[in-house]
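Biologist: Please take me through this model, beginning with its strands. I will ask as we go.

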Amino acid sequence: MGRGKYYQPEIETMSRKALRELQNERLRWQIHRCLAKSEFYQEKFKKTGIKAAHIKTVDDLVHVPVVTKEELREEQVKHPPFGRYTVAPAKKWSELHPSTGTTGAPVNTIWSEQDVENITEVTARTMWSFGVRPGDVVQNGFSYGLWVAGMSTHYAAKRLGCFVIPIGASMTGRQIDYMINPGSTVLLCTPSFAIHIAENMRERGISPDQIKLRLGCFGGEGGAEIPATRKKIEEGLGIDAYDYYGLAEIGPTFASECTSKAGLHWAEDHFVIEVVNPDTMERCAEGETGVLVITHLTREATPMIRYWTNDYARYDSSRCACGRTHSRSIGGILGRADDMIIYRGAKFYPVQVEKVIRSYRELGDEFLIELTRDEQALTDVCTVVCECLSPNEDKLALERRLQKDLREELLVTPVIRIENFGTLERTTFKAKRIIDKRK
Ligand SMILES: [Zn+2]
């Protein structure tokens, strides 16, 4: 293929000024067509009195109302099956990719042939940035089918000239077999599944140096950028582990870490990335944490203008050590608003619990947060359930230490329950970490 360090050097290292100009130009094109063809956007803009001519630059976007997932869901109920934000005509539709429906009815997203091409190129670029090269044997452990990650990484791996094993998110035993023969060199899956595979390898007595895997990228849920989780995956599989981010409504895997492991790089030639304060709805300053709001610059079929992701992150436009100029979110996705736990006045995310649990050598990788109601004391009870690796462990002492460390991290004291190893359910897809029995 003859590429160097970058997959698309002219795009990946272009000056911030030139990148902004490219974004502005593409934004004007997108706003113009959405307002010309979509009644959904026409109504939305009309309510606030904004016209296409008002939106000339990325900075003007702050005047545009955000689009929420709930809104898309309602729109599809009122105007089935795809809502009125489908801008490309039916003859251009190529693939249907609904969201997983983990937080309600699935929202349908359509890719045109041009969308598939852009998605393939952006995904190939992200894979190149964390070190995938022609000739790599890519084991795709993302779920295929309707979920967006499987198909996009499959297309991208082929584009890069890799040998693809489309195994999907199942068959843990065979995942390990393929790492030995034919010897997969790259693994793509969720971080929970990677940890599950590593656990199975240990049980089968297979050490990381018996497999050929050298790197992996993990998305679909947070985790790969939590140091303790990254370490578990890297040591368990003997690889370099990177973080991936994607959303059904926006696109699969359109942000990933580069080999500097210095945050998620955004593909800013195709997306406008904003971080917005959810209380004031104003754009956050660089480095401040807020909700990610994303605008499609090139998406043809179902373009989103200011999509409210519910995911928390920070924005950083400084040049990365890798030389790429596209902005990053350092530390990756910091939490999903949907997963936020409010307990006795404190707010925290499952990733914070994960960070503490995975720093304990005595504990297994699985955990669960149970929320119940004590009807007699009229209080909520939050119980963190985890597993200890050795049956001879002093559970009481371990519980006390863990409770103290979690109190420091969460600013509230949960009840701790340590079970024997293997008690909690394992997953090959996205792990369910919260059970809320209070409702
Ligand atoms: Zn970088």
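Modeller: The model is predicted. We can begin where strand E3 (residues 137–140) runs parallel to E5, the two being joined by three bridges.

Biologist: In E5, which residue is the bridge partner of asparagine 140?

Modeller: Asparagine 140 is paired across the parallel contact of E3 with E5. Its bridge partner in E5 is leucine 188.

Biologist: How many bridges join E5 to E6, and which residue in E6 is the bridge partner of cysteine 189?

Modeller: E5 and E6 run parallel, with four bridges between them. The bridge partner of cysteine 189 in E6 is phenylalanine 218.

Biologist: Through which helix does the chain cross from E5 to E6, and is this β-α-β crossover right-handed or left-handed?

Modeller: Between E5 and E6 the chain passes through helix H8 (residues 191–203). This β-α-β crossover is right-handed.

Biologist: Which residues point one way from E5 and which the other way, and are they buried or exposed?

Modeller: In a regular strand, side chains alternate between the two faces of the sheet. In E5, Val186 and Leu188 point one way, while Leu187 and Cys189 point the other way. As for burial, all of these are buried.

Biologist: Which residue in E7 is the bridge partner of leucine 215?

Modeller: Strand E6 (residues 215–218) runs parallel to strand E7 (residues 240–247), and four bridges join them. The bridge partner of leucine 215 in E7 is aspartate 240.

Biologist: In what order do the eight strands form the open sheet, and which are the edge strands?

Modeller: The order is E4-E3-E5-E6-E7-E8-E9-E13, and the pairing is mixed. Pairing on one side only marks the edge strands, which are strand E4 (163–165) and strand E13 (328–329).

Biologist: Now the helices. Why does H7 count as roughly perpendicular to H8?

Modeller: The axes of H7 and H8 come within 10 Å and cross at roughly 75 degrees. Angles of 65 to 115 degrees count as roughly perpendicular. Therefore H7 is roughly perpendicular to H8.

Biologist: Which residues in H7 and H8 meet, and how do they divide into nonpolar, polar and charged?

Modeller: From H7 come Thr172, Gln175 and Ile176, which meet His196, Ile197, Asn200 and Met201 in H8. The residues of this contact divide into three nonpolar, four polar and no charged.

Biologist: Turning to the backbone, where is proline 182, and what is omega for the cis peptide bond that joins asparagine 181 and proline 182?

Modeller: Proline 182 is in the loop between helix H7 (172–180) and strand E5 (186–189). The cis peptide bond joins asparagine 181 to proline 182, with omega about 10 degrees.

Biologist: Where is proline 81, and to which residue does a cis peptide bond join proline 81?

Modeller: The loop between helix H4 (69–78) and strand E1 (93–96) holds proline 81. Omega of the cis peptide bond is about -5 degrees, and the residue joined to proline 81 is proline 80.

Biologist: Phi of asparagine 310 is a positive value. Is asparagine 310 buried, partly exposed or exposed?

Modeller: Asparagine 310 is found in strand E12 (residues 307–313), and its phi is near 70 degrees. Because asparagine 310 has 18 C-beta neighbours inside 10 Å, it counts as partly exposed.

Biologist: Where is leucine 411, and what is its phi?

Modeller: Leucine 411 is in the loop between helix H11 (395–410) and strand E19 (415–420). With 13 C-beta neighbours inside 10 Å, leucine 411 counts as partly exposed. Its phi is positive in a residue other than glycine, near 65 degrees.

Notes:
Residues numbered from 1 in each chain as written. Predicted model: local features only at pLDDT ≥ 70, side-chain atom pairs only at ≥ 80, totals over all residues. Buried ≥ 20, exposed ≤ 12 C-beta atoms within 10 Å, placed from the backbone. Pairing = 2+ DSSP bridges. Right-handed = clockwise from strand over helix to strand, strands pointing away. Axes fitted to C-alpha atoms, helices over the stretch in contact; angles between N-to-C directions. Parallel < 35°, antiparallel > 145°, perpendicular 65-115°, else oblique. Contact = placed C-beta atoms within 7 Å. Nonpolar A, V, L, I, M, F, W, Y, C, P; charged D, E, K, R; others polar.
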